[in-house]
Structure formats: C-alpha cells, structure tokens
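I opened this notebook to record what I looked up, entry by entry. The topics are pockets, strand pairing, backbone angles and aromatic rings.

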Amino acid sequence: MRAALFQSRTGIDPAANAAALVAAIEEAKVGGADMLFTPEMSGLLDRDRTRAADHLADEAHDRVLAAVRDAAAKAGLWVHVGSLALAGERRDGRLVNRGFLIDDAGAIRARYDKIHLFDVDLPTGESWRESAAYAPGSQAVVVDTPWGRMGLAICYDLRFPDLFRSLSDAGATILSVPAAFTVPTGRAHWHVLLRARAIEAGAFVVAAAQAGAHEDGRATYGHSLVIDPWGDVLLDMGGDNGIGFAEMDAKRVADVRSRIPALQHRRPIAPATLA
C-alpha cells in the first residue's frame, strides 16, 4: 500500500475544512496513493461548544462527510477519515467522535466511535473534559481492505494496549490511530507509544495528526507517523502541514511475526491476586 497522510490544522469553519480535505484527496491521488488517512476531528476543531453547536449535524446530514465521500468516489481513492464530531444520536445530548473508512466508490465500509475519552487537568493549565461533550463508544472495530485487515482507534485510545490486543487478535495487520495530541503529551509519549503498539502487534501503525496553532486557541503536536511492524519509523511529518507518503509492504508483517511470534504466545491472564 502507498499510504498518504494529511497533516492538517483544522479550524472552526467546516466548509473550509471540507475544502481542505477534498484538496488533500486530489493531491493524494495525484501522488499515487492507495488510501488517504486524515486526523482526528478533521471536520471541525473548536473547543467553544456554543459556537461549534451551530455546525454540528448527525451522520446523515454532515456536510464534511458528504464532501469526502463524493471526492473519494471521484478520485477512486480509499479514505480513512480519522474522526468527525457528530450530533443527534444520544439521548443524553452528547456527541460522538466517529471515524469512517470510505472506499474508492464513496461507500462507508466501517465506523468507529472513540472508546477512551480524555479528561485531565494538565500542569500547563490546560483542562480537557471530553466526556462532558462526547459519549464513549463500546466496540472495537476491524475492517478488511485490499491491503490487509485494519484496526481502528482514535487518539487517547493509544494509551490502552488492551484495545490494540483486541484488534490484532481479530487479525488486524494495519492499525490506524488518527489524533489531535497536545504538545506536552506529544513530546513525551507520541513516538514511544505508537512504536510500542506496532511492535506489540507486529503490525503497521498509521497515525495522521493535527499540527500547529488552531483558530480555537489550542496547539497540537503534529508528527504524523507511519511505523512498520518492527517499530521502524517510515514517515515522520514533523510540524509541517500537508501530505506525506509512505510505502507499506504487507509481507513485512509476516516476516516480523515469524521472527517474534508473540501473538501466538499470548495467554489469558487471570486477575492479579494479592500475595
């Protein structure tokens, strides 16, 4: 697979964000990509919830999703939309943070709702309460593609290896981890955790990320990565926005898993007991 990653600085205007995604699809196709990967919150990134509410819709009426599906079909390109904020599905009024895998005919092949939500007060003074606005998902998701079985995750999910064990146990050879990591946590943990997930699963990891200073005042770390099953970094986009490309050879998965057959050696672990 020739993977294209869109490292974006998503803003508060969904129309502008949709136009950027359509342009990225066209550029990825010209660059010979088989699939484009986009970051978490590709359609809208706005922590002003009152302002953002005017732009939120359910899946059937989300204009960004519709634009991406149409562009994917026109380009004949698979697209993993890292995630979109969607409204109208929860009785408690909360949104969902949902990723989509779209095929080269514009059809939705898979959906994944982010399971782990980021609630934290950082030493920098930043405070995040995803659970106040978003309802968590409950189901791990894998989906077959022409290049292998893909497991889906989003951002903070990266810190929970049990999810990635579930995905690799289900046959995933590619793990997609779109994100909007903060700068302090990105500097500390982004590379090491993504490399660990690749090594543990003996799988490719593709992590398209938000990067830079956003219109809503936040800053994100960038460094969109592609990592091979041995843990080698095939692509690191640094802090620059735009499109990056990486070649992923499916035979590499079998090679690494034959040398370190850790997946075959997994055993059920009973709860720990106090000695």
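Entry 1, second largest pocket. I started with the lining and sorted its residues by class: nine are nonpolar, three polar and four charged. The model I am reading is predicted. I then looked up the volume of this second largest pocket, which is about 260 Å³. Its lining has 16 residues, and those closest to the centre are Pro14, His55, Asp62, Arg63 and Val64. Which elements supply at least two residues each of this lining? I found helix H1 (14-30), helix H3 (63-75) and strand E3 (78-86). H1 gives the largest share, three residues.

Entry 2, largest pocket. Here I noted a space of about 670 Å³. I listed 33 lining residues, with Arg47, Trp128, Glu130, Tyr134 and Arg218 the closest to the centre. Two helices, H2 (49-53) and H4 (130-133), supply at least two lining residues each, and so do strands E7 (127-129) and E13 (219-221). By class I recorded 17 nonpolar, five polar and 11 charged residues in this lining.

Entry 3, the sheet. I followed an open sheet of six strands, and its order reads E5-E4-E3-E2-E1-E16 with mixed pairing. Strands E5 (108-113) and E16 (242-247) are the edges, each paired on one side only. From one strand to the next I noted an average twist of 25 degrees. Strand E3, which I had met at the second largest pocket, pairs with strand E4 (residues 96-102) in the antiparallel sense over six bridges. Within this part of the sheet I looked up Ala85, which stands opposite Asn97 of E4.

Entry 4, backbone angles. A general reminder to myself: most residues other than glycine have a negative phi. I looked up two residues with a positive value. Met41, not a glycine, has a phi of about 55 degrees. Met41 sits in the loop between strand E2 (35-37) and H2. Is Met41 buried or exposed? I read a relative accessible area of 7%, and the cut-off for buried is under 20%, so Met41 is buried.

Cys155 is also not a glycine and has a positive phi, about 50 degrees. I placed Cys155 in the loop between strand E9 (148-152) and helix H5 (161-169). With a relative accessibility of 8%, Cys155 counts as buried.

Entry 5, aromatic rings. How many aromatic pairs does a search of the whole structure find? I noted four. In one of them, Trp78 and Trp147, the ring centres are 5.7 Å apart and the planes stand at 85 degrees, so I wrote the pair down as edge-to-face. This pair links distant parts of the chain, 69 residues apart: Trp78 is in strand E3, while Trp147 is in the loop between strand E8 (141-145) and E9. Trp78 is buried at 5% relative accessible area, whereas Trp147, at 23%, counts as partly exposed.

I turned next to Tyr156 and Phe160. Their ring centres lie 5.3 Å apart with planes at 85 degrees, so this pair is edge-to-face. I noted Phe160 as partly exposed, with a relative accessible area of 28%. Tyr156 and Phe160 form one aromatic cluster together with Phe118.

Technical notes: Residues are numbered from 1 along each chain as its sequence is written. This is a predicted model: local features need pLDDT of at least 70, side-chain atom pairs count only at pLDDT 80 or more; totals for chains, interfaces and linings use all residues. Side-chain values use heavy atoms; hydrogens and water are left out. On a 1 Å grid over the protein atoms alone, a cavity is a set of points where a 1.4 Å probe fits but cannot get out, and a pocket is an open set with protein on both sides within 12 Å along at least five of seven lines; lining residues have an atom within 4 Å of a point. Grid points are joined across faces, edges and corners, and a volume is the space filled by probe spheres set on the points. Helices (H or I, at least four residues) and strands (E, at least two) are DSSP runs, numbered from the N terminus. Ala, Val, Leu, Ile, Met, Phe, Trp, Tyr, Cys and Pro count as nonpolar, Asp, Glu, Lys and Arg as charged, and the others, Gly among them, as polar. Two strands pair if DSSP finds at least two bridges between them. Axes are lines fitted to C-alpha atoms, for helices over the stretch in contact, and angles run from 0 to 180 degrees between N-to-C directions. Buried means under 20% relative accessible area, exposed over 50%, partly exposed in between (1.4 Å probe, protein chains only). Rings of Phe, Tyr and Trp (its six-membered ring) pair if their centres lie within 6.5 Å; planes under 30 degrees apart count as stacked, over 60 as edge-to-face and the rest as tilted.
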